[in-house]
Amino acid sequence: ARLAPFDIPQLREIMSYENFIFHTEIHNIMELPILKDKNIFPTNEVLADVLEASFPAFEAFSASAEAAGLTLEWNYYNDGKAWLCKVLSKKKNLAWLVVYQNYFRTTSYFTEKHLDRIADMEITESIKEEFYRAKPSGKLIPMSVVITEKEQVKDALSMILFKKGLK
């Protein structure tokens, strides 16, 4: 089935925190974000504590994102009672970054019109396969990269920069 075109208010709704959590729940991702304390900003010390062996991968991701002209913006969301990070190019949200115990996940959303171009994206095939099996969240299809090691940062950045290049 083809997805209908979306408008900007729909896109804002789909990209909201509530819909991100809904997407997480419907895809049976049982683990919830771990950064729950509103009073503890996710500094590098906090992240190192939570991510443990995956923290060097986070540092590599952060440095690579900065080198690509991207900004990481942490916000506490009262509705989900957790800290999430937006990966931004100027004001455009390209991806969500969520921290779990010992790993983090980046997720970008694409429309059906991008399916053919995604096939040519330089990213691990299993990520593309999971994307093609994913159920749309509204009119958008989520692509996620779970990161525990530095080698996985390349896939996350490829996905995010691909999203940045879309019109």
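This report describes the fold, one helix, the salt bridge and one loop residue of a predicted model.

## Overall architecture

The chain contains seven helices and five strands. In sequence order, these elements follow the pattern α-α-α-α-β-β-β-β-α-α-β-α.

Of the 167 residues in the chain, 46% are buried. Among contacts with a separation of 6 or more, 65% join residues 24 or more positions apart. The exposed area of the chain is about 9,200 Å², and carbon and sulfur atoms contribute 52% of that area.

## Helix α4

Helix α4 covers residues 55-67, which makes 13 residues. Because a rise of 1.5 Å a residue predicts a span of 18 Å, the distance of 18 Å between the end C-alpha atoms agrees with expectation.

The buried residues of α4 are Phe-55, Ala-57, Phe-58, Phe-61 and Ala-65. Viewed down the helix axis, these buried residues fall within an arc of 155 degrees, and they therefore line one face of α4. An α-helix has 3.6 residues a turn, so residues three or four places apart point the same way. Glu-66 and Ala-67, on the other side of α4, are exposed. After the helix comes Gly-69, which has a positive phi, near 80 degrees.

## The salt bridge in helix α6

A search of the whole structure identifies one salt bridge. The partners are the side chains of Lys-128 and Glu-125, with an N to O distance of 3.1 Å. This distance satisfies the criterion, because a side-chain nitrogen of Lys or Arg must lie within 4 Å of a carboxyl oxygen of Asp or Glu.

Both residues belong to helix α6, which comprises residues 125-133. Lys-128 and Glu-125 are three residues apart, a spacing of about one turn of the helix. Their accessibilities place the two partners in separate classes: Lys-128 has a relative accessible area of 4% and is buried, whereas Glu-125, at 48%, is partly exposed. The assignment of Glu-125 follows from the cut-off, because exposed residues must be over 50%.

## Ser-137 in the loop before β5

Ser-137 is located in the loop between α6 and β5, the latter comprising residues 141-147. Although it is a loop residue, Ser-137 is buried, with a relative accessibility of 4%. This classification holds because buried means under 20% relative accessible area.

Thr-111 is separated from Ser-137 by 26 residues in sequence. The C-alpha atoms of Ser-137 and Thr-111 are 10.0 Å apart in space.

Definitions and conventions. Residues numbered from 1 in each chain as written. Predicted model: local features only at pLDDT ≥ 70, side-chain atom pairs only at ≥ 80, totals over all residues. Heavy atoms only, no water. Helix = DSSP H or I, 4+ residues; strand = E, 2+ residues; numbered from the N terminus. Buried < 20%, exposed > 50% of the residue type's maximum accessible area, 1.4 Å probe, protein only. Contact = heavy atoms within 4.5 Å. Areas by Shrake-Rupley, 256 points an atom, 1.4 Å probe, with all protein chains shown as cover. Expected span 1.5 Å × (residues − 1). Arc of directions from axis to C-beta.
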